[in-house]
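User: I work mostly at the bench, and I would like to learn how to read a structure feature by feature. Could you walk me through this one?

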Amino acid sequence: MAAAGRLRRRLLLAVPRGWRCSPRRGGAGCPPAGQVRAAFLRFFQERHGHRRLPSAPVRPRGDPRLLFVNAGMNQFKPIFLGTAHPRSELAQHRRVVNSQKCVRAGGKHNDLEDVGRDTYHHTFFEMLGNWSFGDYFKEEACSMAWELLTEVYEIPRDRLYVTYFGGDSLLGLSADEECRDVWLRLGVPASHVLPFPLKDNFWEMGDTGPCGPCTEIHYDHVGGGRNAAALVNQGSPDVVEIWNLVFMQYSREVEGNLLPLPQHHVDTGMGLERLVTVLQNKRSNYDTDLFTPILDAIQKGCGGPRYQGLVGDADVGRVNMAYRVVADHVRTLCVCITDGIYPGLSGAELVLRRILRRAVRFCSEVLHAPPGLLASLVPTVVEVLGDAYPELTKNADQIMDIINENEAAFLSSLERGRRIIERTVQQMEPSTNFPAEVAWSLYGNLGFPLDLIDLMLEEKGISLDSAAFNELVLEDAKRKAGGPQAGQLEDTNTRLDVHSLAQLRSGNVPATDDSPKYAYTLGQHGQYEFSSCQATILMLYRDQSLQKEVGAGQRCGVILDRTNFYAEQGGQASDQGYMIRLGQQDILFPVESVHLCGGYVIHEVTAVETLCAGDQVQLFVDEAQRLACMTNHTATHLLNFALRRVLGGNTEQRGSHVTAERLRFDFDTKGPVTVEQLQQVEQVVQDVIKRNEVVHMAEVPLTLARRVRGLRAVDEGYPDPVRIVSLGVPVESVLTRDSEAAMQTSVELCCGTHLLQTGAMEDLAIISERQLVKGISRVIAVTGGQAKQAREVGQCLAMEVDSVSLRMTQRSTSIPEMQKLSKEVGQLTKVVASTAIPQWQRKELQTTLKALQRTANTAIKKLEVQQAEEKAQGLLEKHCNQPVIIDTVPADSLSILMKVVNQLCDKSPGTSVLLLSPQVSGEVLCACQVSKNCLPMFSAADWAVAVCTQMEGKAGGSPVVAKGSGNAKGMQGALTTALEFAQSHQGSA
């Protein structure tokens with residue numbers, strides 16, 4: 001009967017027969033990783049009513065403090081904080097399960113440098129998790145976990161140990177006996193239920209916010225009936241944690257105290273890699289089928305010895321470490337690039353660049369693999385992970401291209417870095433440390449890994465000036481940390497904390513009705529008319545607490561029952577404006593910014609007089625600012641459509657930001673956008689503007705909206721129902737089954753405010769386009785009068801460039817005139833680069849100016865050579881067959897003077913020459929060259945120094961050629977010195 005029960009359970013979970021795997025049975029019949037993952041998801045989805053969600057991308061959404069998604073709970077933070085919009089999909093979740101892609105590299109959770117040294121650290125891993133949001137708690141969470149591990153995965157119970165929070169007297173927290181008793185009731189022996197302190201069994205989201213006790217499940221790899229309780233949480237590789245169940249029941253306040261959360265949540269996380277290691281009866285994650293195909297592909301690609309799993313001193317030449325580094329890092333690269341994080345120069349992109357370069361180094365320097373090995377592993381990674389994350393399959397070619405391009409760039413940088421180190425070492429004084437500034441430049445500018453710098457210096461018996469280097473690191477960290485903190489002050493008045501949100505809801509304070517923000521119309525003469533809005537103050541918010549009254553001069557957040565102000569969201573800046581209290585028309589309360597938090601719209605106001613809950617107010621938006629935002633937001637939709645039309649349907653939005661002044665749009669691209677493509681994009685937009693298309697907007701159920709073919713939506717949570725914005729095609733037509741209307745126009749999910757007809761946009765000009773990182777471009781555009789102005793300025797600059805070009809073709813024979821033209825070209829180049837003009841025109845003008853600069857430089861060099869030849873011929877005739885020529889000659893520049901000297905020596909090889917050239921400014925230029933017959937006793941550098949010192953100047957050069965300058969007052973004495981020096985040294989030579 002027991003065997004039949006097990007079979008039924010497996011069939012219920014749709015797990016293939018014969019995969020039963022117990023560590024007692026060895027490797028035969030052990031489940032592949034894909035089936036382990038599927039069993040977890042199906043267990044919670046089908047047996048315990050959880051909603052299965054796809055993994056969020058590893059690029060964090062709406063959390064600037066995170067470089068990467070590093071835990072399964074990241075996407076649910078708004079639920080834990082209570083800030084999820086009540087109408088959003090997120091707010092509807094009660095029980096959820098998923099397998100989340102996670103990256104831990106950079107930031108607080110950083111495993112990068114540990115990867116490869118052992119057999120269990122990873123930069124990318126999969127986190128299996130189940131969540132309860134105000135639904136079940138400790139009893140059910142522990143029971144489900146125990147059932148899955150012992151009955152579905154059939155892990156022997158005697159190998160499992162559980163820990164619970166043992167309490168903390170300083171915080172006044174007693175032991176979590178509730179959790180302990182749950183485990184004991186489930187049949188876990190008391191000797192396997194262990195208390196641990198705060199650092200082990202109390203989980204916190206950050207310095208503040210939701211937190212709570214956790215219970216961890218540990219597995220003993222050795223077993224055999226022994227009691228391994230003493231090894232739990234002791235860092236033993238034999239006894240490892242496999243699952244962490246967090247019970248969020250407190251909130252850590254700014255002061256450090258803990259308050260009970262109004263709603264309890266469960267957040268669990270189990271690393272797939274570690275679980276598969278247990279179920280496949282392995283001791284290393286790298287020995288499971290998540291890694292072995294990749295390790296085999298590495299061995300095949302480099303032709304070296306097979307991976308043996310060695311670590312430490314046993315791993316001679318670090319070959320096995322290299323296998324682990326490359327296998328781990330290529331997985332991370334595939335996932336990150338697919339999710340829109342490309343190797344770059346800051347933030348997550350910089351971390352990914354370091355990951356790629358670390359992998360390339362181990363490929364080339366340890367495995368001695370040919371270039372291209374890393375990219376050749378991508379198909380294998382896709383084969384291993386593609387079923388779970390199909391987006392990998394779709395992007396395989398792009399991943400390989402980006403890896404290959406970045407590898408080639410790094411190998412080039414490595415060679416340059418080696419040359420810089422060699423040159424610096426040669427110039428160093430004996431027994432000195434390698435300069436920290438050079439090491440920092442190699443690290444920051446060339447992406448040279450620090451351990452490689454140390455290794456190369458160690459080979460030369462030299463040490464880095466570590467103290468000075470650490471100072472540079474600290475300075476850089478302070479500079480980077482300084483920026484974001486300045487903007488965090490507003491949070492105390494505009495970001496409702498979890499307790500305040502709970503207080504509002506428990507007090508039945510309704511969410512803000514912000515539908516009046518869409519209440520605007522077109523007047524009889526085409527002007528936009530915005531209605532004011534009457535509202536009641538429901539609550540005030542200041543210093544993270546709800547208040548009924550705020551005094552004059554105090555900054556606060558105002559929560560109203562309704563508002564016509566647009567709160568910052570969806571990439572659109574918030575409205576500004578003012579409110580007045582009814583009956584007090586002459587007292588304005590300026591609204592500086594507006595934010596949305598948990599369905600409540602918070603208006604940031606500085607109270608000019610006392611404000612109280614219950615006050616009746618009238619709201620007025622800044623109409624000019626609102627209209628400019630509407631114009632630019634509709635323009636953003638049009639630009640998105642035009643880019644896809646011109647660059648292809650695979651062009652995906654990566655981000656946008658709309659303000660009254662301009663719009664910014666980031667998108668996928670395979671290379672820089674050409675001049676012709678920029679012109680075509682602008683033309684597509686202008687055609688729609690000229691047609692003055694109607695902008696249709698309507699709220700529809702989210703499930704219905706997502707069925708629209710060609711719909712554009714970004715990766716963010718949308719409310720339900722959701723607002724559709726369609727240009728030129730009624731929303732009803734777009735929603736018709738099998739309609740392709742959305743393929744021919746712009747149709748997007750969007751909560752922003754928009755124009756009612758496109759004609760009011762007047763014009764759009766793209767004034768900037770650049771690649772942020774490989775594969776992602778950013779355009780900045782302006783509309784209306786600003787676009788018109790950009791075009792007019794562009795035409796003026798084009799006329800100036802044409803004028804310079806015309807004068808250049810007339811080929812002046814005067815060097816000063818050509819130098820003046822060259823300077824003019826340089827100034828125009830700077831103006832063109834920094835002025836707001838159409839980007840396609842900027843690129844055209846920059847190409848023309850670059851060619852003009854080359855023409856000017858060539859002409860100047862040619863004229864200088866001609867002038868030098870003439871002067872040299874005259875001097876040669878004057879000093880016929882002399883071994884030394886010392887004279888003065890007019891020359892417009894040191895470059896020309898040097899050319900005269902070179903010409904003389906070329907025409908008379910045995911002659912040594914020194915020429916002085918007095919300038920109008922009172923300066924005297926000096927240039928000299930010594931015949932090779934006179935070396936080594938006669939040095940040009942020493943000759944120039946002697947002469948220029950006489951003129952109170954400076955000089956330098958080599959034994960053959962040198963140059964310098966001095967003061968005209970000492971010129972006659974300098975000529976005498978030049979002759980005496982030549983006679984004495986030439987005689988000795």
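Analyst: Happily; we will go through sheets, helix packing, spaces and backbone geometry in turn. Please keep in mind that this is a predicted model.

User: Let's start with sheets. In what order do the four strands of the open sheet lie?

Analyst: A sheet is read by its strand order and by the sense of the pairing. Here the order is 21-22-27-26, and the pairing is antiparallel. Strand 21 (653–658) and strand 26 (764–773) have a single partner strand each, so one side of each has no neighbour in the sheet. From one strand to the next, the twist averages 15°.

User: How many bridges join strand 22 to strand 27, and how many join strand 26 to strand 27?

Analyst: Strand 22 (residues 663–668) and strand 27 (residues 776–783) run antiparallel and are joined by six bridges. To find your place on that pair, look for aspartate 666, whose bridge partner in strand 27 is arginine 778. Strand 26 and strand 27, also antiparallel, are joined by eight bridges. There, leucine 764 stands opposite threonine 783 of strand 27.

User: What is found in the hairpin of strand 26 and strand 27?

Analyst: The hairpin has two residues between its strands, and glycine 775 takes a positive phi near 100°.

User: Which strands make up the three-stranded open sheet?

Analyst: Read this one in the same way. Its order is 23-24-25, again with antiparallel pairing. Strand 23 (695–700) and strand 25 (747–749) are the edge strands, each pairing on one side only. The twist from strand to strand averages 20°. Three bridges pair strand 24 (residues 722–727) with strand 25 in the antiparallel sense, and isoleucine 724 stands opposite leucine 749 of strand 25.

User: Is there a general idea about where side chains point in a strand?

Analyst: Yes: in a regular strand, the side chains alternate between the two faces of the sheet.

User: Now helices. Which strands does helix 21 touch in the four-stranded sheet, and which strands does helix 21 lie across?

Analyst: For a helix on a sheet, look at the contacts and then at the angle. Helix 21 (residues 623–647) packs on the four-stranded sheet by touching strand 21, strand 22, strand 26 and strand 27, and its direction makes about 25° with that of strand 22. Helix 21 also lies across strand 23, strand 24 and strand 25, running at about 70° to strand 24.

User: And for two helices, at what angle do helix 10 and helix 13 pack?

Analyst: Helix 10 (residues 319–338) and helix 13 (residues 378–385) pack at about 75°, and their axes are 10 Å apart. Angles of 65 to 115 degrees count as roughly perpendicular, which is why helix 10 is described as roughly perpendicular to helix 13. Helix 10 makes the contact with Val330, Arg331 and Cys334, while helix 13 contributes Val378, Val381 and Leu385. Of these contact residues, five are nonpolar, none polar and one charged.

User: What about the empty spaces? Which residues lie nearest the centre of the second largest pocket?

Analyst: For a pocket, ask about volume, then lining. The second largest pocket has a volume of about 420 Å³. Its lining has 20 residues, and nearest its centre are Ile79, Gly82, Gln263, His265 and Arg505. Helix 3 (77–81), helix 4 (89–92), strand 9 (258–271) and helix 20 (498–506) each give two or more residues to that lining. By type, the lining divides into twelve nonpolar, six polar and two charged residues.

User: How large is the largest cavity, and what lines it?

Analyst: The largest cavity has a volume of about 40 Å³. Its lining consists of Pro516, Lys517, Ala519, Tyr520, Phe530, Ser531, Asn564, Val621 and Arg626. Five of the lining residues are nonpolar, two polar and two charged.

User: Last topic: which peptide bonds are cis, and which residue that is not a glycine has a positive phi?

Analyst: Most peptide bonds are trans, and most residues other than glycine have a negative phi. In this model, a cis bond joins aspartate 720 and proline 721, with omega about 5°. Proline 721 sits in the loop between helix 23 (702–705) and strand 24. The bond from leucine 935 to proline 936 is cis too, with omega near 5°, and proline 936 lies in the loop between strand 30 (923–929) and helix 29 (940–950). Glutamate 154, which is not a glycine, has a positive phi of about 55°; look for glutamate 154 in the loop between helix 5 (138–152) and strand 4 (160–165).

Terms used
Residues numbered from 1 in each chain as written. Predicted model: local features only at pLDDT ≥ 70, side-chain atom pairs only at ≥ 80, totals over all residues. Heavy atoms only, no water. Pairing = 2+ DSSP bridges. Axes fitted to C-alpha atoms, helices over the stretch in contact; angles between N-to-C directions. Contact = heavy atoms within 4.5 Å. 1 Å grid on protein atoms, 1.4 Å probe; cavity = no way out; pocket = protein on both sides within 12 Å on 5 of 7 lines; lining within 4 Å. Points joined across faces, edges and corners; volume = space filled by probe spheres on them. Nonpolar A, V, L, I, M, F, W, Y, C, P; charged D, E, K, R; others polar. Parallel < 35°, antiparallel > 145°, perpendicular 65-115°, else oblique.
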